[in-house]
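This report looks at the empty spaces of one protein model, asking where they lie and which residues surround them.

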Amino acid sequence: MRSPTAKRPEQSSPEQPEQSSPEQPLLEMRSVNTHYGAVHVLRNVDLAIYKGELVCLLGGNASGKSTTLKTLLGMVKPTSGDVLIDGEVVTSTSIRYRVLKGLTMVPENRRLFKRLTVKKNLALGAFLRSDNAAIVNDLEWVFELFPRLKQRLNQKAGTLSGGEQQMVAIGRALMSKPRILLMDEPSMGLSPALVKQNFDLIQQIHASGITVFMVEQNANLALSIADRGWVLQTGQVVLDDTAGNLLAHPELRASYLGDT
């Protein structure tokens, strides 16, 4: 397991000018607008995620959550604005380049190669790596997180249960040795018991030192493990606060947590 990293440092006060400014964001969106044809999906979105954080993005259907992740990874190119990794503008770079920079995603609905074995699906996660000894170590770590996968190595991914397929999808992403893990609806299609287990694993992955940015409709669970969160509504960020404050926010509770 990797050792945990520090949380984002606090902003220096005016009375302490000698202190250094906060570290730059690990992953950033600056004034991003994204369109699908004539449809304006993301509207001037600004996001900043710092090393060691677990941050969630909440919102209803068609609010732009998945498009945010696809724009960050390079699957969708923004109409305007920029995506940055470690302060470097990567807006026009390939998905491959961003993966090499440490960004990877566990996609919605897993998106496994169902005719390939579990072993081959996991190996594809390390496709861009050449550090063979480290790959072996990371595979062992995946097996520590998901012991069942070691028993299913030669089984075709499409024959696994939904929970097991989610394990493969997360394991495949971890095999790329990410610094930033994007997760698109990790609770989708899972039973309540598996959802709780899945979120426990997300916390364990985060505690290993990986920064996590999670899109999730289960606002209660997401905020229960997150440091901070944003709420998207029709492509715009309408709330941005700590997880605790968002859990207590009356508008959020009425709209996403089932309170009246």
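In this predicted model, the second largest pocket holds about 190 Å³ of space. Its lining is made of 15 residues, and those nearest the centre of the pocket are Ala-62, Ser-63, Gly-64, Lys-65 and Ser-66. Among the elements, α1 makes the greatest contribution to the lining of the second largest pocket, giving three residues. Sorted by class, the lining of this second largest pocket contains four nonpolar, seven polar and four charged residues.

The largest pocket has a volume of about 720 Å³. It is lined by 27 residues, and the ones closest to its centre are Leu-73, Ile-95, Val-99, Thr-104 and Met-105. Two or more lining residues of the largest pocket come from each of α1 (65-73), α2 (95-100), β6 (103-106), α3 (118-125) and α6, and the largest share, four residues, belongs to α2. The lining of the largest pocket is divided by class into 12 nonpolar, five polar and 10 charged residues. Because domain 1 (24-102 + 178-260) and domain 2 (112-177) both contribute residues to the lining of the largest pocket, that pocket lies between the two domains.

The model also contains enclosed spaces: when the whole structure is searched, two cavities of 30 Å³ or more are found. The largest cavity has a volume of about 70 Å³, and the residues that line it are Phe-146, Gly-163, Gln-166, Met-167, Leu-190, Leu-194, Gln-197, Asn-198 and Leu-201. By class, the lining of the largest cavity comprises five nonpolar and four polar residues, with no charged ones.

The classes of the three linings can be set out together.

| Space | Volume | Lining by class |
|---|---|---|
| Largest pocket | about 720 Å³ | 12 nonpolar, five polar and 10 charged residues |
| Second largest pocket | about 190 Å³ | four nonpolar, seven polar and four charged residues |
| Largest cavity | about 70 Å³ | five nonpolar, four polar and no charged residues |

Where does the largest cavity lie with respect to domain 1 (24-102 + 178-260) and domain 2 (112-177)? Both domains give residues to its lining, and the largest cavity therefore lies between them. Two helices, α6 (162-174) and α7 (192-207), each provide at least two residues of the lining of this cavity, and α7 gives the most, with four residues.

The packing of these two helices can be described as well. The axes of α6 and α7 are 11 Å apart, and the helices pack at an angle of about 15°. Since angles under 35 degrees count as roughly parallel, α6 is roughly parallel to α7. The crossing in which α6 passes α7 is right-handed.

Definitions and conventions: Residues numbered from 1 in each chain as written. Predicted model: local features only at pLDDT ≥ 70, side-chain atom pairs only at ≥ 80, totals over all residues. Heavy atoms only, no water. 1 Å grid on protein atoms, 1.4 Å probe; cavity = no way out; pocket = protein on both sides within 12 Å on 5 of 7 lines; lining within 4 Å. Points joined across faces, edges and corners; volume = space filled by probe spheres on them. Nonpolar A, V, L, I, M, F, W, Y, C, P; charged D, E, K, R; others polar. Domains from an automatic or database assignment. Axes fitted to C-alpha atoms, helices over the stretch in contact; angles between N-to-C directions. Parallel < 35°, antiparallel > 145°, perpendicular 65-115°, else oblique. Left-handed = near helix turned anticlockwise from the far one by under 90°.
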